[in-house]
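Visitor: I should like a close look at a single strand and the partners it pairs with. Please take me through its surroundings in one connected account.

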Amino acid sequence: MSDVTEKNSGLSRRSLLKGAAAVGGLAAGSGAITGFPYVKSAEPKVLRYLGTAVNEGDDISKKCFADTGIKIEYVTATTDDVTKRVITQPNSFDVLDTEYFSLKKLIPSGNILPLDAAKIKEFDNITPVFTKGELPNGKKIGGQGTAPWKVLYLDGANSKTFSATPTEWITLIPTVYNADTLGIRPDLIKRPISSWAELLNPEFKGKAAILNIPSIGIMDAAMVVEATGQYKYADKGNMTKAEIDLTMKVLTEAKKAGQFRAFWKDFNESVNLMASGETVIQSMWSPAVTKVRSMGIPCVFQPLKEGYRSWASGFCVSKGVSGPKLEWAYEFVNWFLSGWAGAYLNRQGYYSAVLSTAKANMEPYEWAYWMEGKAAEKDILSPSGQLIEKAGAVPDTRSHHDRMGNVACWN
């Protein structure tokens, strides 16, 4: 077994929670998702799923329906619009898929319902990246920004206050995470790229792009500023006004000089920019790189010496969800963590929050390529079956431990 496979996190409260669950008779919400295939019930099970499309997909929704009978209706918006919708229209969705950095805006609104860890079957097997801020081997992970373990727990079922110690009540049940960097077109650049500073290299004038999601893009900009030696931040996720002004001044000057071809806001835009060759270096997400490569176009998710900007996502539900629909939400979350969806997203270059179940749903050669950074023993296919790399290829993403062990900051 690879040491990437997660070990039981062993939270001391777990035995108590299990006892409470047994007394309460949690039924469908208990995490028991056995009994496939799904047997149709009289009442249709429908969940409106609000998110950014990063973890969405027809294959996932079809598999979920086949296994559980739950129909997922995707409500897709940009990162900032997801946050606005939660605050202004909490009754317009059931399940929320969002990132941990959004929680400092969302929790005070009272519009999302914390989930009960006792009802999540795989909760104790969630990677300690989320629960402890460390790799399975115990190595600590960089904590600048909104690291997930800082905002994972709440003081109580109706609390608007984060807890510094583990509790039963979870802000977001972890689903996926990753460590982002720059995407490049090696066929058009034709030389090694090793630093975030290259984003502002005049060599790439008019061929560079940075993402235009303020909570994330500012972090990429700060990585660039530090890499160029202009400034060292105490915490890139908690800048002073003077630090924000400095960072924006650097970006503004670069923009006026014509450095940037675009400021992209969504997945497809980033893919189109890179696939067309309009940009050769840009902020990028792992599945976007996978998508470009599945089109037969060279694209690399480039490791950089200064480290990675990391992110993490999870599920919660709207405050208006109750009764059977709340049970369906727990059933859906438990299904998502049971392995099939995790394996699907791992094949995009993401990391499932429960690596053990994802591993059980992947071929050994796939796990070795995506998670251990080993050369491909067989052809590597995208989740939809398109060729990404031929046998013998070495992944540009390195191993899970190498990447997550070199996180510089979180969104």
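Guide: In this predicted model, Val 95 stands opposite Val 317 of strand β14. Val 95 opens strand β3, which covers residues 95–99 and is joined to β14 by 5 bridges in the antiparallel sense. Val 317 also has a counterpart in another strand, since Leu 113 likewise stands opposite Val 317. That second contact involves strand β4 (residues 112–113), which runs antiparallel to β14 and is joined to it by 2 bridges.

Strand β14 itself spans residues 308–318, and 11 of its 11 residues are buried. Two further strands pair with it. Strand β9, residues 173–184, is antiparallel to β14 and shares 7 bridges with it; here Ala 179 faces Ser 310 of β14. Strand β18, residues 407–410, runs parallel to β14, with 3 bridges between them. In that pairing, Tyr 308 stands opposite Val 407 of β18.

In a regular strand, side chains alternate between the two faces of the sheet.

The aromatic residues merit a final look. Ring pairs link a cluster that includes Phe 315 together with Tyr 49, Tyr 74, Phe 332, Trp 335, Phe 336, Trp 340 and Tyr 344. Phe 315 lies within the residue range 308–318 of β14. Across the whole structure, 19 aromatic pairs are found. For Trp 335 and Phe 336, the ring centres are 6.3 Å apart and the planes stand at 75 degrees, so this pair is edge-to-face. Both Trp 335 and Phe 336 are buried.

Technical notes. Residues numbered from 1 in each chain as written. Predicted model: local features only at pLDDT ≥ 70, side-chain atom pairs only at ≥ 80, totals over all residues. Heavy atoms only, no water. Phe/Tyr/Trp six-rings, centres within 6.5 Å; stacked < 30°, edge-to-face > 60°. Buried < 20%, exposed > 50% of the residue type's maximum accessible area, 1.4 Å probe, protein only. Helix = DSSP H or I, 4+ residues; strand = E, 2+ residues; numbered from the N terminus. Pairing = 2+ DSSP bridges.
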